[in-house]
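Me: Please take a close look at the enclosed spaces in this model, and go through what surrounds each of them.

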There are 2 protein chains.
Amino acid sequence: MNSDFVIASHSLVLLANLPDHMANSDTIAENVCTNPARVRKVMSALRKKGFVRTKEGIGGGYILNCNPEKTTLSQIYLAISTGSLKPNWCTGDPDQKCIISSNAQNVMDQIFYESEMHLQSYLNEITISSVLERIKSLE
Amino acid sequence: MNSDFVIASHSLVLLANLPDHMANSDTIAENVCTNPARVRKVMSALRKKGFVRTKEGIGGGYILNCNPEKTTLSQIYLAISTGSLKPNWCTGDPDQKCIISSNAQNVMDQIFYESEMHLQSYLNEITISSVLERIKSLE
DNA sequence: TCATACTGTAACTTTAATATATACAGTTAA
DNA sequence: TTAACTGTATATATTAAAGTTACAGTATGA
């Protein structure tokens, strides 16, 4: 699992909670505890999918561009981390005679793909707002 | 996601398919494409959970000790990779005043825990035998 | 219009995770 | 009693992830 997903979720929750729904990469980076360049990279991906819009120049930053009541972690996962469930390491060898060795990775790929679908159906029940509520309820 | 889960699954499928349900770490390592020491480490964990038993000494190796029709990938995941869905990287800072920064990781932990439960309920539908069938159907 | 404060992105460096290699004690069978 | 195994630890190598730096492009406002 890619931690970009965590950064994206955290950042959107943060924006949702701010009165003007806006913050720059320095502010987000401090809240998330990472560096501004990494935040910009993740936010840039979110912008391309329409979750935020950006304002460049002085007084600029990222502005929430989606309804936090309607936006789910599934959508964020899809935008940021599709395919990250599957490990990079591959099992077996496609060139071996043994069909288990040569086909195991293909079947594992299927299984990871289907797992990811199931994961997404769960994440689809969790909205940005509900994450914010959970955070507030921990106080 | 830990690739040990892939190695464990592949190895059990391989054993299930062998006439005597037995193989040593060299044979498994060659089929899986890794080194024998790694295979032994994974198989040792499977042994501790009763999925295989081992025979040391000459002519020894790993012997399947579970019903492949009944053994699911969920059980294997539980034995080998529990907790591996969650990334190691942590968001926010527990010591910050902002409750989003200080609580985000706790909530993400909850979400990853629940995600893992859902993942397991899906993996619980997949048996070692069904993986073997999928592999054979790819020929 | 020029200095300033932003984003976007790429290249480089550092760190951490993952995988491999090696070694050897313990076990069992011939 | 030797040979072929497992179990496990440790060291090494490789790869992925994260952090750092740098700078071009853009908007704002003095």
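Reply: A cavity here is a set of points, on a 1 Å grid over the protein atoms alone, where a 1.4 Å probe fits but cannot get out, and its lining residues have an atom within 4 Å of a point. This is a predicted model, in which local features need pLDDT of at least 70 and side-chain atom pairs count only at pLDDT 80 or more, whereas totals for chains, interfaces and linings use all residues. Residues are numbered from 1 along each chain as its sequence is written, chains are lettered from A and ligands numbered from 1 in the order in which they are written, and side-chain values use heavy atoms, without hydrogens and water.

By this rule there are two cavities of 30 Å³ or more, and the largest encloses about 40 Å³ (the space filled by probe spheres set on the points). Its lining draws on both chains, with S9(A), H10(A), V13(A), V131(A) and I135(A) joined by A104(B) and M108(B). In terms of helices (DSSP runs of H or I, at least four residues), α1 (4–17) and α6 (128–137) of chain A and α5 (99–123) of chain B each supply at least two of these residues, and α1(A) has the largest share, with three. Five lining residues of the largest cavity are nonpolar, two are polar and none is charged.

The second largest cavity, of about 30 Å³, is lined by A104(A), V107(A) and M108(A) together with S9(B), H10(B), V13(B), V131(B) and I135(B). Two or more residues come from each of α5 (99–123) of chain A and α1 (4–17) and α6 (128–137) of chain B. By class, the lining of the second largest cavity has six nonpolar residues, two polar and no charged.

Terms used:
On a 1 Å grid over the protein atoms alone, a cavity is a set of points where a 1.4 Å probe fits but cannot get out, and a pocket is an open set with protein on both sides within 12 Å along at least five of seven lines; lining residues have an atom within 4 Å of a point. Ala, Val, Leu, Ile, Met, Phe, Trp, Tyr, Cys and Pro count as nonpolar, Asp, Glu, Lys and Arg as charged, and the others, Gly among them, as polar.
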